[in-house]
Amino acid sequence: MIPIAGKYSTFAQFYDVMSGEYPVYRAGREIGIQKLRQPSGAQVLDVGCGTGLNFSLLQRQITPDGIIVGIDRSPEMLEQARRRAERNGWTNVILIQADATELSPTDIGSRITTQGGRSQSDAVLATYALSLMKDWETAWANIVSLAAPGASLCVVDMQKPVGLATALTPLARAACWLGGSDIDAHPWTAVERDCVDVMAASTRGGHLQIRSGTRTTDT
Ligand SMILES: C[S@@+](CC[C@H](N)C(=O)[O-])C[C@H]1O[C@@H](n2cnc3c(N)ncnc32)[C@H](O)[C@@H]1O
């Protein structure tokens with residue numbers, strides 16, 4: 001069995017076709033990105049950005065002077081993201097290889113500024129990434145440090161389906177197991193705990209949970 005850390009690197013080239021984007025996971029990212037407040041010229045940080053499946057939706061929302069910063073620990077996933085940016089002629093994408101659970105926000109901030117961005121972002125997004133990280137609470141604390149006070153934060157992640165969709169629980173469990181996610185991690189609870197103006201949504205029988213909110217000055 002391939003260790004989880006290596007899984008995304010090994011299958012990076014095939015991630016987009018294997019990830020169940022349509023008809024399941026696209027819906028969550030669409031809702032999350034709609035809820036992300038992105039003022040004019042906003043810099044959006046995409047944590048665990050993978051191959052950059054969020055980028056086209058983000059590009060539609062940020063103004064031409066906006067910036068996307070993608071962080072991921074897998075160089076192979078970042079390479080796919082880099083190719084996506086190149087293919088589309090997006091020159092406003094900064095990619096940084098780092099482990100979200102171990103990074104130093106000061107170091108990442110200066111790596112972003114060296115590449116023409118700002119050390120703190122106006123909006124931060126994590127889609128289907130935090131539930132993969134054993135120590136997602138530390139990753140969350142790092143994310144918050146990389147967000148400007150008043151920034152918009154959004155987590156999109158997975159749980160067991162609810163209601164009539166409970167019958168699909170084995171499928172949801174299998175998808176999370178294959179991807180290495182902990183279906184019981186519920187990392188969006190950090191948004192509920194640490195943000196104000198929290199908005200909640202869910203789709204696909206409750207399997208996809210979306211929370212957005214505003215970082216307070218004292219978070
Ligand atoms: C399921 S993929 C999701 C990718 C993308 N966010 C999306 O919505 O398609 C999870 C991504 O998180 C990355 N990842 C996992 N643990 C990480 C960590 N500790 N720090 C940074 N990235 C991590 C993986 O390399 C992978 O690219």
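**Exercise 1.** Which pocket does the ligand sit in?

*Solution.* Bear in mind that this is a predicted model. Run the pocket search, then place the ligand: it sits in the second largest pocket.

**Exercise 2.** Work out which residues come nearest to the ligand, and find some of its polar contacts.

*Solution.*
- Step one, the surroundings. There are 19 residues around the ligand, and Arg29, Gly48, Asp72, Asp99 and Thr127 come nearest.
- Step two, the side chains. A ligand oxygen lies 2.7 Å from an N or O atom in the side chain of arginine 29. Tyrosine 15 also has a side-chain N or O atom 2.9 Å from an oxygen of the ligand.
- Step three, the backbone. Here arginine 73 offers a polar backbone atom, 3.2 Å from a nitrogen of the ligand.
- Step four, the coverage. On its own the ligand has 590 Å² of accessible area, and the protein covers 97% of that.

**Exercise 3.** Now place arginine 204: is it buried, partly exposed or exposed?

*Solution.*
- Start with the chain. Arginine 204 belongs to the loop that runs between β6 (195–203) and β7 (208–215).
- Next, check accessibility. Its relative value is 39%, so arginine 204 counts as partly exposed, because that class falls between the 20% and 50% cut-offs.
- Then look for contacts. Leaving out residues up to four places away in sequence, arginine 204 touches Pro23, Val24 and Ala27. For valine 24, the C-alpha to C-alpha distance to arginine 204 is 6.8 Å, with their positions 180 residues apart in sequence.
- Finish with the side chain: arginine 204 and threonine 203 are joined by a side-chain polar contact of 3.5 Å.

Key:
Residues are numbered from 1 along each chain as its sequence is written. This is a predicted model: local features need pLDDT of at least 70, side-chain atom pairs count only at pLDDT 80 or more; totals for chains, interfaces and linings use all residues. Side-chain values use heavy atoms; hydrogens and water are left out. Helices (H or I, at least four residues) and strands (E, at least two) are DSSP runs, numbered from the N terminus. Buried means under 20% relative accessible area, exposed over 50%, partly exposed in between (1.4 Å probe, protein chains only). Contact means heavy atoms within 4.5 Å. A polar contact is a pair of N or O atoms within 3.5 Å; within protein, one must be able to donate a hydrogen and the other to accept it, and residues adjacent in sequence count only if both atoms are side-chain atoms. A residue is near a molecule or strand if one of its heavy atoms lies within 4 Å of it. Accessible areas come from the Shrake-Rupley method with a 1.4 Å probe; for residues, only the protein chains shown count as cover. On a 1 Å grid over the protein atoms alone, a cavity is a set of points where a 1.4 Å probe fits but cannot get out, and a pocket is an open set with protein on both sides within 12 Å along at least five of seven lines; lining residues have an atom within 4 Å of a point. A molecule sits in a cavity or pocket if more than half of its atoms lie within 2 Å of its grid points.
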